[in-house]
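Hi there,

Here is the structure I promised to pass on. Have a look at it first, and my notes follow below.

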Amino acid sequence: MKLWQKLFLGLVASMLLVVNQGIASELPVNTVRIHYHRDAADYEGWGLHLWGDDLALTHVVSWRFPMLITGRDDFGVYYDVPVIDKAKGFGFIIHRGKEKNVKQDMVLNVARDGFEVWQLQGDPKLYSSDPLIALAKAEKAKAEKLKAEKAEAEKAKAEKLKAEKAEAEKAKADKLKAEKAQAEKAEKDRIAEQPVDEGRVLSLLETLRKDNEVRVAEKEASLQRLRKQLAAESAARTKAEKALAESQGGVGEKGSELAAELEIAQTRERELNERVTALQTELNKLIQISKRAAPLQAAESKQRWFDWLSHTTVILLTIILLVFVTIYRRQRGELVKKMLAQKAELVSAQEKISRDTEERQQVENKMIAMAGVDELTGLPNRSIFNRSLQRSVAKASRSNRKMALLFIDLDRFKLINDTLGHDYGDQVLRTVSERFRECIREVDMLARLGGDEFVLMIEDLVDPKFLAGVATKMISAAQQPFFMAGQEYHVTASIGIATYPKDAKDASALLKHADIAMYRAKDAGKNTYQFFSEQMNIHSLQQLALESSLRSSIEREELLLHYQPIVDAKVGRITALEALLRWQHPDMGLVGPMQFIPIAEESGLIVPIGHWVLQTACQQGQAWHQAGYDIALTVNLSPRQLIEPDIVASIEEILSNTGFPAEYLTLEITEDLMMSNPEETVERIEDLRQLGIKFAVDDFGTGYSSLSYLKKFPIDTLKVDRSFLQGVPDDSDDSAITSAIVAMGKNLRLNVIAEGVETSEQCDFLLKQGCRLMQGYAFAKPQPAEEVSSLLDGTVGTFQVLAS
Ligand SMILES: Nc1nc2c(ncn2[C@@H]2O[C@H](COP(=O)(O)O[C@H]3[C@@H](O)[C@H](n4cnc5c(=O)[nH]c(N)nc54)O[C@@H]3COP(=O)(O)O)[C@@H](O)[C@H]2O)c(=O)[nH]1
């Protein structure tokens with residue numbers, strides 16, 4: 001090393017010492033003093049750079065600027081450099097050489113906590129000879145080595161002691177265990193050799209307990225001994241360590257003291273520095289605050305103004321909103337009220353309109369009625385007719401002239417109305433009235449009294465025979481077929497005729513007598529006309545009385561059944577019995593069904609009466625079955641009965657109650673029923689057939705049934721009407737019709753029963769036609785059950801034609 005280099009290093013080292021101590025004692029806080037020794041300045045210029053952790057706080061100092069020189073001392077000039085950063089250290093870069101050719105020789109990074117870190121740039125040999133640094137380094141390395149060796153020795157010793165102790169304890173425990181096992185074994189052997197004695201066992205247990213206590217005490221004592229031994233060994237170890245440390249003293253002690261001093265100095269410096277830094281930070285904050293205070297105040301007042309404005313705006317907006325909501329609610333409430341009021345008005349207006357409409361309708365009806373026109377047919381109605389009749393009778397009375405009333409009632413119309421519905425009924429009434437109009441003169445007055453009742457008033461009557469011609473024309477017009485819903489239907493008319501002054505002296509009596517005559521026409525078989533007679537009057541009064549007493553006939557048990565056999569004429573065997581209704585009237589005696597069935601049908605009494613007939617017949621039939629007569633029954637079923645909605649359930653119940661087998665029951669229906677409402681009739685018949693019941697078409701040939709319908713109908717038997725049998729075999733037409741019906745029935749695979757067989761000729765004729773089932777007086781008249789029973793007794797299998 002050259003001389004100038006030695007001088008330079010000496011200068012730097014002394015500078016560092018001065019700086020580190022100077023900071024602590026004389027210099028202002030945050031200032032570093034750096035000396036420049038003039039004597040060493042054999043170069044043109046020197047540069048000294050000082051920096052901290054924060055580059056922003058790096059200071060560049062140059063001797064070439066005299067204003068930076070702080071002062072002078074024995075060494076030369078010195079510089080006090082302020083350190084305002086939080087840097088933990090500072091350093092120097094020392095340049096030498098000319099300004100334009102600066103060569104960096106060395107960088108010293110001196111941490112403020114001592115010489116912990118050295119960073120050398122340039123030639124390390126230049127600085128490695130520094131005695132203080134080398135000493136510090138050596139001291140440090142030695143102390144660390146000693147520390148490590150000591151730790152190692154302590155660790156080895158502790159481990160050795162631990163192992164020895166563990167081994168000793170284990171040996172002792174093993175020994176104790178072996179001794180204990182041996183003692184226990186000896187004790188067990190001893191006990192096993194001796195007989196069990198409770199007192200002895202207890203004393204042994206006591207001995208054992210005492211032995212255990214002694215052993216525990218021994219154990220505790222040995223533990224105590226071990227502890228003492230351990231303490232002694234530990235003290236010896238400490239002593240040895242101390243001796244070892246003392247033996248390693250000398251230079252190390254000195255180094256330690258120096259290090260301790262340095263540590264204290266560094267701690268102090270760190271505390272001071274931290275205080276300075278904290279104070280500086282606070283100062284900075286205060287400066288910042290003071291700088292910002294003015295604009296802040298301005299901003300605050302502005303903010304307050306904005307706050308006030310925004311609060312006020314919010315309040316204003318809320319108020320406006322509330323006002324709007326209130327107004328809206330009020331308006332909405334008013335609107336709802338208005339709407340409700342309007343709705344109520346509307347409802348009341350609608351009600352008024354409907355009332356008005358109703359009233360208008362009533363007024364219209366009244367006007368029409370006053371005008372005397374029947375709405376449906378356009379004919380004069382009952383009220384106008386009555387007035388006209390009064391006038392005409394009065395006129396006829398004044399002028400001694402004759403006049404006549406024809407009371408017309410449609411047959412089967414009720415059935416059409418009931419089965420097809422009122423629309424079809426109305427259609428029939430309109431058509432019939434049109435047809436009637438064509439049968440009369442313009443001067444005659446045709447009126448509709450209501451329902452299916454019409455009346456024709458003929459004034460200035462000359463010859464009553466003329467009336468028969470009119471009636472015939474009207475009957476013929478009525479019976480023309482109707483085509484409705486793609487099908488053909490038929491109605492007929494019954495007409496009663498009464499004349500003035502012969503049959504009645506006033507208008508109402510005249511009308512009443514024409515009505516009575518009409519009923520007589522119905523009784524006479526319908527589709528005909530009848531002139532009134534005094535006898536009829538009596539008869540009609542009788543009819544009224546009959547209807548009233550018929551109502552209570554079931555309760556009074558005045559009804560009874562007669563049974564007429566149906567015979568297989570070929571073998572002379574009774575195959576079935578037809579139940580025929582009779583009425584044992586208290587005054588009139590035994591009344592035949594022709595007298596009261598029409599009344600019962602008209603009044604609807606046929607429904608309960610028909611139910612009674614079925615119930616009684618099935619009861620009787622079951623009684624015969626139980627008596628051993630395996631006989632079938634046929635029962636007449638009125639059209640009115642078949643349209644009853646519960647007819648199927650009702651018959652099913654009767655069969656179930658009586659126990660009569662359904663397969664033995666045949667229900668007789670009329671042709672007309674088949675034709676009036678084929679679909680519904682077929683449906684009902686099918687339902688009843690499902691139960692096992694059979695069906696027969698009664699009085700076949702007298703109605704208007706279409707043969708094609710017959711084919712479709714679910715029936716089992718055809719009963720040829722007795723009116724055809726009357727002319728058999730002499731009347732060729734009757735014979736031909738009868739043969740045709742029998743043949744047709746056979747072709748349709750139906751049973752054919754000929755009704756009203758009275759003679760052996762008729763019987764022979766029928767047998768020849770292949771009809772063996774017959775019913776008539778030739779075999780048996782309808783008779784009470786008891787009599788039929790005796791008949792069954794004597795004749796089953798050997799029935800003979802009675803008439804032969
Ligand atoms: N809805 C119901 N109708 C019934 C019921 N019972 C009877 N009737 C119907 O009344 C009609 C008249 O019946 P009725 O007076 O009993 O006459 C029956 C026989 O007495 C009669 N008949 C039988 N054989 C002869 C004969 O050889 N000559 C002759 N002149 N008459 C005879 O025929 C009637 C039986 O007819 P039908 O019923 O068609 O087989 C009659 O139409 C009954 O249907 C009833 O309970 N309900």
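**Around the ligand**

Three elements each supply at least two residues of the shell around the ligand: β16 (573-585), α12 (593-603) and β20 (694-700). Helices here are DSSP runs of H or I with at least four residues, strands are runs of E with at least two, and both are numbered from the N terminus. The largest share of the shell, four residues, comes from β16.

Before going on, please keep in mind that this is a predicted model: local features need pLDDT of at least 70, side-chain atom pairs count only at pLDDT 80 or more, and totals for chains, interfaces and linings use all residues. Residues are numbered from 1 along each chain as its sequence is written, and side-chain values use heavy atoms, with hydrogens and water left out.

In total, 22 residues surround the ligand (a heavy atom within 4 Å of it). The closest are Glu578, Asp698, Arg722, Glu755 and Glu758. By class, the shell has nine nonpolar, four polar and nine charged residues. Here Ala, Val, Leu, Ile, Met, Phe, Trp, Tyr, Cys and Pro count as nonpolar, Asp, Glu, Lys and Arg as charged, and the others, Gly among them, as polar.

Some atom pairs to look at:

- A ligand nitrogen is 2.6 Å from an N or O atom in the side chain of Glu758.
- A ligand oxygen is 2.9 Å from an N or O atom in the side chain of Asp699.
- A ligand nitrogen is 3.0 Å from a polar backbone atom of Leu581.

On its own, the ligand has 800 Å² of accessible area (Shrake-Rupley method, 1.4 Å probe), and the protein covers 86% of that.

**Strands β20, β21 and β22**

β20 pairs with β21 in the parallel sense over three bridges (strands pair if DSSP finds at least two). Ala696 stands opposite Thr717 in β21. Strand β22 (residues 751-754) also runs parallel to β21, joined by four bridges, and Val720 stands opposite Ala754 in β22. In β21 (residues 717-720), Thr717 and Lys719 point one way, while Leu718 and Val720 point the other way. All of these β21 residues are buried (under 20% relative accessible area, 1.4 Å probe, protein chains only).

**Helix α20**

α20 (residues 732-747) has 16 residues. Its buried residues include Asp734, Thr738, Ile741 and Val742. At its start, a side-chain oxygen of Asp731 reaches to within 2.9 Å of the backbone nitrogen of Asp733. After α20 comes Arg749, with a positive phi near 55 degrees.

Best wishes

Key
Polar contact = N/O pair within 3.5 Å; in protein donor to acceptor, adjacent residues only side chain to side chain. Buried < 20%, exposed > 50% of the residue type's maximum accessible area, 1.4 Å probe, protein only. Expected span 1.5 Å × (residues − 1).
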